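Colleague: I have a structure open and would like to learn how to read it. Could we go through it in questions and answers?

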Amino acid sequence: MKNKIRYIWLLVVALLGSSACLAQTPTESMSVAGLKDSVTVRRDERGIAHIEAKNETDLYFAQGYVTAQDRLWQMDLYRRVARGETAEIFGKTILEEDKRWRRFGFAHVAEANVKNTAPENRLALDAYAAGVNAYIATLNEKTLPVEFQILQYRPRPWTAADSIVISKIFDDALSNTWRMDLMKASLMDLPKEKRDLIFNPSSPLDVLLIGKDNLATERTEKTEKVYRKEQKLQNEVLSKSIISKNSLSSVAELLAEAETVRQSSLERIGFYAEDLAASNNWVIGGKRTVDGKPLLANDPHLRAAQPSIWYLVNLSAPELKVAGVTTAGIPGVIIGHNENIAWGNTNVGPDVQDLYVETFDASGKYKTPTGWETPVIRKEEIKFRPNPLSAETQIEILEVTTTRNGVIILEEGGKKYALKWTAFDAKNDSITMLAKLGKAKDWTNFRDALKLWSGAMQNFVFADVKGNIGWIAAGKIPLRKTGDGSTPYDGATDDGEWTGFIPFDELPQLYNPPENFIMTANQRTVGKSYKYHDLIARAHTVSRAKRLQDLLNANRKVSINDARDYQFDMFSVINSRFAREVVNLKAASEETLKLLAAWDGRMNADSKAALVADAMRSAFRNKILGGNFGAERARSVFFPHDPALFDRLITERPKEWLPKGFATYADLLKACETEVKETIGKQSGADEMKWTWGNRAKSTFPHPLAVAPLIGGQFMIDALPQNGSGGAGASPNVGAAVSMRFIAAPGDWDATRHGITTGQSGDPKSAHWKDQLDGWYNGNTPVFPFTKSAVEKAAKQTVLLVPRK
């Protein structure tokens, strides 16, 4: 009997084993020049590459190879944007965009950065570049990605500097504060009470993580002196003629024009972040979760484009196991997890850019504290196509002037403004930081890696398998000799000299806080009592952070599904508060009052109330600006704390801000309603059944070639009615700007959920061109397998890359 049972058991095991073998995907073999040893690439049902190598050189080589397989033209476009080379393929109409990037000189910075990188830290960059080039070498005119064929050119070889220069696009997208410096200076003609309100970062909606704000009652003699000194510096801006009163409107217009060029360039590739507001993340300790393990969630917000800016990958070598997203062209993983920790990012928005008004004489020299000096003149040859349909190019010469303070970025009223920026430092080494982060085992390793971070300052949240959670706002924040850099300096003095950076140990950070959760959503995370508050709290938003705090406070046992629902939440705190004030003041028609009173505050695609509330709030803002700045200047004025400012105006209703012609704020709001109904009627027609949020707000996924006649259709993805809202009235789910969603439970890595907007492939004919779109739109983020057994089970294709002999 025992032998019979044993026989049956062996038969079952054999059958199961053979079934497992039958279930495994057949392995294809591909010979590749440049590899040291064989590499296994398994692709799952979403086409995600899970790369397993025997050494890290081959691992990064294979990452470059497979990324180029999926996204080569996107990679080439990214480096062209950052280097200022897009007019060479798109034509003269975007020449101003190239000039902007050439002034920055990021191509030169990246080349110098490579030379400054220690040989041991170049492994990932060089191996990745070799892998990209190995794939390019396999292509001929017929097998090149379709965009190259349409535009009639072939990609040049990839270099380590190309990967670095792409990282500079993030710097531009997430740390563009110099416009705020000039705008603040241009607003110094306003009455003091208005300036104080505009530049006061405090709001009842604030979610602070460090420090307090009670300075009104807690000010010491020292803080009073600091405050008075700051006010004196601000009041001296106009008296020193940094911006003359008769040029205020032209300054605002120049800033608007500069932002239009910037937005056009970044939107084309999916990197535009409105008002620097980009992302939600939070981390929850095991005491606050269903399974007792930490939870980490992150969803970056950048304007959608096709292909997605993110590329999912799983990298495995004997001493490295990391998975998550990177950007096509950058080796490693930017946001994700390894076997021990998970991390996610949101933008901080501190001041890392300063402007200097330079004084030039007739000979072209500029004034310094020690006398007159000759600026550096750099000549940039920019190729452009006079006819976009022809590959023939011409050259335009751009002269770029650089002083000791930085590059001349703007000229107005005879004045030249030089820009100093941390991104211009050729010794920055953020790529090395990503490699170290991928191997970090604990909080100490995590902090050590972030000491190398020199990109746009980020809120890095952390969770590990031991149950620890943490947060660090990491980045290089300049310390100035005088002032805080919030208005332009006189370049002829040394007042704006950078004397160092905020010490890493003094950056905002938390580790295992008593609340057992940490959340950031581009809010002001530090109170005024924090030593470097004015350097970090430069630009922020409030709506998403307040909503997420309320959700997390209300749930003492959070699950992965809860985290998923919070990422997809469509409640707008700002629009809800605005609607409440309209109802309380009875400042609309009876029909609109009933509509807004019954509204649940959610920006659902099928909601009429969401449309009316958002449109009325925008009209309210526009009328306030027009009444206080005049129609011409109002079109281009902007504020660093815009959502909080206008929330305070509608709730506090100060008389000095009420535009002329209105006796009360209720009258103003009634005028807004009339205007909004007329505008919506023109846009959507008389049928009010079509007056919905989703009919006005659309999620679109533009490809740079989608607008091209005849051939553009293959790149088009139909627009979708948008759930959620971005901008000032943002909900946690900001609709089209949600570039990816990530949820990790350290220790249960195969339960990780990670998804991007559309798909892994940049080929419109691929099954993975937009196969993730439905899940993204409906908030169903897929599981992303991590362990070898889970990856093998999920594999739909297995390719063995072997060294070519």
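Colleague: Which residues lie nearest the centre of the largest cavity?

Modeller: Keep in mind that this is a predicted model. The largest cavity holds about 420 Å³ of space. Its lining is made of 29 residues. Those nearest the centre are S167, F170, I334, W453 and G455.

Colleague: How many cavities of 30 Å³ or more does a search of the whole structure find?

Modeller: Rolling a probe the size of a water molecule over the atoms shows where empty space is left. The search covers the whole structure, and cavities of 30 Å³ or more are listed. The number found is 10.

Colleague: Which helix gives the most to the lining of the largest cavity?

Modeller: Two helices each supply at least two lining residues: α8 (160-174) and α14 (430-439). The top contribution is six residues. That helix is α8.

Colleague: How many charged residues are in the lining of the largest cavity?

Modeller: Sort the lining by class. There are 15 nonpolar residues and 11 polar ones. The charged residues number three.

Colleague: Now the second largest cavity. Which helix gives the most to its lining?

Modeller: This cavity has about 90 Å³ of space. Helices α19 (573-585), α21 (608-629) and α23 (642-652) each supply at least two residues of the lining. The top contribution here is five residues. They come from α23.

Colleague: How many polar residues does the lining of the second largest cavity have?

Modeller: The lining includes F578, R617, F620, D642 and I650. By class, seven of the lining residues are nonpolar and four are charged. The polar count is no residues at all: none.

Colleague: R617 lines that cavity. Which residue does R617 meet in a salt bridge?

Modeller: Look along helix α21, where both partners lie. They are three residues apart, about one turn of the helix. An α-helix has 3.6 residues a turn, so residues three or four places apart point the same way. The N to O distance is 2.9 Å, and the partner is D614.

Colleague: Is R617 buried or exposed?

Modeller: A residue counts as buried under 20% relative accessible area. Its partner D614 has 5%, so D614 is buried. R617 has 12%, so R617 is also under the cut-off: buried.

Colleague: How many salt bridges does a search of the whole structure find?

Modeller: Some of them share partners. One network joins D76, R79, R80, R83, E88, E111 and D162. Across the whole structure, the number of salt bridges is 54.

Colleague: How many residues apart are D70 and R43?

Modeller: These two form a salt bridge, with the closest N and O atoms 3.0 Å apart. The pair links distant parts of the chain. D70 is in helix α2 (residues 56-83), and R43 is in strand β2 (residues 39-43). Both are buried, and their separation along the chain is 27 residues.

Colleague: R122 and D126 also meet in a salt bridge. Is D126 buried or partly exposed?

Modeller: The N to O distance in this pair is 3.0 Å. R122 has a relative accessible area of 25%, so R122 is partly exposed. D126 has 33%, so D126 gets the label partly exposed.

Colleague: How far apart are the end C-alpha atoms of helix α17?

Modeller: Helix α17 (residues 543-554) has 12 residues. At 1.5 Å a residue, the expected span is 16 Å. The model agrees, because the end C-alpha atoms are apart by 17 Å.

Colleague: Which elements are among those covering the buried residues of α17?

Modeller: The buried residues of α17 are S543, R544, A545, R547, L548, L551 and L552. The cover includes two strands and two helices. They are β4 (280-284), β23 (517-520), α18 (560-567) and α19.

Colleague: Last one. Which residues does I397 touch, leaving out those up to four places away in sequence?

Modeller: I397 lies in strand β14 (residues 394-402). Its relative accessible area is 47%, so I397 is partly exposed. The residues it touches are K379, E380 and E381.

Methods:
Residues are numbered from 1 along each chain as its sequence is written. This is a predicted model: local features need pLDDT of at least 70, side-chain atom pairs count only at pLDDT 80 or more; totals for chains, interfaces and linings use all residues. Side-chain values use heavy atoms; hydrogens and water are left out. On a 1 Å grid over the protein atoms alone, a cavity is a set of points where a 1.4 Å probe fits but cannot get out, and a pocket is an open set with protein on both sides within 12 Å along at least five of seven lines; lining residues have an atom within 4 Å of a point. Grid points are joined across faces, edges and corners, and a volume is the space filled by probe spheres set on the points. Helices (H or I, at least four residues) and strands (E, at least two) are DSSP runs, numbered from the N terminus. Ala, Val, Leu, Ile, Met, Phe, Trp, Tyr, Cys and Pro count as nonpolar, Asp, Glu, Lys and Arg as charged, and the others, Gly among them, as polar. A salt bridge is a side-chain nitrogen of Lys or Arg within 4 Å of a carboxyl oxygen of Asp or Glu. Buried means under 20% relative accessible area, exposed over 50%, partly exposed in between (1.4 Å probe, protein chains only). Contact means heavy atoms within 4.5 Å. The expected span of a helix is 1.5 Å times one less than its number of residues.
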